[in-house]
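Hello,

Here is the structure I promised to pass on to you. Please open it alongside this email, and my notes will follow below.

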Amino acid sequence: MIVVERLTVVFNPGTPDERAAIDGLSINVPRGQWISVIGSNGAGKTTLLNAIAGSVPTAAGRIVLDGVDRSGDPEYRRARIVGRVRQDPSAGTAPDMTVIDNMALASRKGPRRLLPAKPASLKRRLVERLAELGMGLENRTEENVSRLSGGQRQALALLMAAMTEPSVLLLDEHTAALDPRNADIVMALTRRFIRDYRLTALMVTHDMRRALADGDRLIMMHEGGIVADIAGEDKASATVEGLVRLFRDVRGEEYAEDRDLLS
Ligand SMILES: Nc1ncnc2c1ncn2[C@@H]1O[C@H](COP(=O)(O)OP(=O)(O)OP(=O)(O)O)[C@@H](O)[C@H]1O
Ligand SMILES: [Mg+2]
């Protein structure tokens, strides 16, 4: 469960470059809900995720995760309960460590830590998890992660972020750097992990079809705030064209011909 209350994040405070990237934003995400987050470049999507993860300072507001006010907690402390996958496949794993050592590191964090009595049984369980990815990584456990493809790395990063059942899973355009086939594979894994582990998840995407097809709820951000919030039947009946119209309305007429929103 995530509760964000009147959150404000200001970059370069007190300088001519001062900018409120998040401006009094509030949202309540019940446990197990999956939200797609859309919005144009600079809308504040990544900053919102950073604020939840504790990697940017907040100027005002509260962030409550699973009933505990985490607003004052540094990032490393929140990392135990916040799983993250970013756009860059090299960001979520340690490239110079082996696949199995990356998994072992990830297994130690999170609310559901995997702590079997014997190291050998931990390894067996981790290899089982790797096999579930369906990418053959269970046969490459002693290879450095730097030798994996982008799609394999991103699948591994997702597994590492999700397997200890974090309170919150934050996905920031996590399939954007992948080719369509790998993006589909990683999305299928995303669906499986979120459902199997009943994770509370925020998924930023520029792909409106994906934002509509996946998740229980969709929010659109603009200038540091939420300008649309749809769920249930409204989401089920929403269309890409409708979202584009909404984008145009909130961004004003000068963007009326901006077709790259459909990408
Ligand atoms: N470290 C920073 N220092 C100064 N300004 C920043 C910083 N990070 C983000 N910003 C500014 O905050 C605003 C929101 O940025 P953010 O990265 O959250 O947007 P976004 O919605 O994720 O965009 P994109 O779709 O391009 O990823 C932008 O105006 C951006 O320039
Ligand atoms: Mg971003």
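What follows is a short tour, from the overall fold to the ligand and then to two single residues.

**Overall picture**

Please keep in mind that this is a predicted model. The protein folds into 9 helices and 10 strands. Its radius of gyration is 19 Å, close to the 18 Å that the globule rule gives for 263 residues, so the protein is as compact as a globular protein of that length. If you lay the C-alpha trace along its principal axes, the span is about 60 × 40 × 35 Å.

Half of the chain is tucked away: of the 263 residues, 50% count as buried. The surface that remains comes to about 12500 Å², and carbon and sulfur atoms supply 46% of that exposed area. You may also like the contact pattern. Among contacts with a separation of 6 or more, 69% are between residues 24 or more positions apart.

**Around ligand 1**

Which residues come closest to ligand 1? The shell has 14 residues, and the closest are Arg19, Asn41, Gly42, Lys45 and Thr47. By class, the shell divides into 3 nonpolar, 8 polar and 3 charged residues.

Three polar pairings are worth a look on your screen:

- Lys45 places an N or O atom of its side chain 2.7 Å from an oxygen atom of ligand 1.
- Gly42 uses its backbone instead, with an N or O atom 2.8 Å from a ligand 1 oxygen.
- His206 has a polar side-chain atom 2.9 Å from an oxygen atom of ligand 1.

On its own, ligand 1 would expose 630 Å², and the protein buries 63% of that. Two elements give two or more residues to the shell, namely β2 (19-29) and α1 (45-53). Of the elements, α1 gives the most, with 3 residues.

**Helix α1**

That helix deserves a second look. Is α1 mostly covered or mostly open? It is mostly covered, with 8 of its 9 residues buried. The buried ones are Lys45, Thr47, Leu48, Leu49, Asn50, Ala51, Ile52 and Ala53. Lys45 and Thr47 thus appear in two places, being buried in α1 and also listed among the closest residues to ligand 1. Just after the helix comes Gly54, which has a positive phi, near 85 degrees.

**Two buried residues**

Phe193 belongs to helix α6, which runs over residues 180-196. With a relative accessibility of 2%, Phe193 is under the 20% cut-off and therefore counts as buried. Leaving aside neighbours within four places in sequence, Phe193 is in contact with Leu133, Leu158, Leu159, Ala162, Arg198 and Leu199. For a sense of distance, the C-alpha atoms of Phe193 and Gly72 are separated by 29 Å, and the two residues are 121 apart along the chain.

Asp214 sits in the loop between α7 (208-213) and β9 (217-222). Is Asp214 buried or exposed? Asp214 is buried, as its relative accessible area is 6%. Again setting aside neighbours within four places in sequence, Asp214 is in contact with Trp34, Ser36, Met187, Arg191, Met203 and Lys235. Its partners thus include both Arg191 and Lys235.

Happy browsing, and do write back with your thoughts.

Best wishes

Conventions:
Residues are numbered from 1 along each chain as its sequence is written. Chains are lettered from A and ligands numbered from 1 in the order in which they are written. This is a predicted model: local features need pLDDT of at least 70, side-chain atom pairs count only at pLDDT 80 or more; totals for chains, interfaces and linings use all residues. Side-chain values use heavy atoms; hydrogens and water are left out. Helices (H or I, at least four residues) and strands (E, at least two) are DSSP runs, numbered from the N terminus. Buried means under 20% relative accessible area, exposed over 50%, partly exposed in between (1.4 Å probe, protein chains only). Contact means heavy atoms within 4.5 Å. A residue is near a molecule or strand if one of its heavy atoms lies within 4 Å of it. A polar contact is a pair of N or O atoms within 3.5 Å; within protein, one must be able to donate a hydrogen and the other to accept it, and residues adjacent in sequence count only if both atoms are side-chain atoms. Accessible areas come from the Shrake-Rupley method with a 1.4 Å probe; for residues, only the protein chains shown count as cover. Ala, Val, Leu, Ile, Met, Phe, Trp, Tyr, Cys and Pro count as nonpolar, Asp, Glu, Lys and Arg as charged, and the others, Gly among them, as polar. The radius of gyration is taken over C-alpha atoms; the globule rule is 2.2 Å times the number of residues to the power 0.38.
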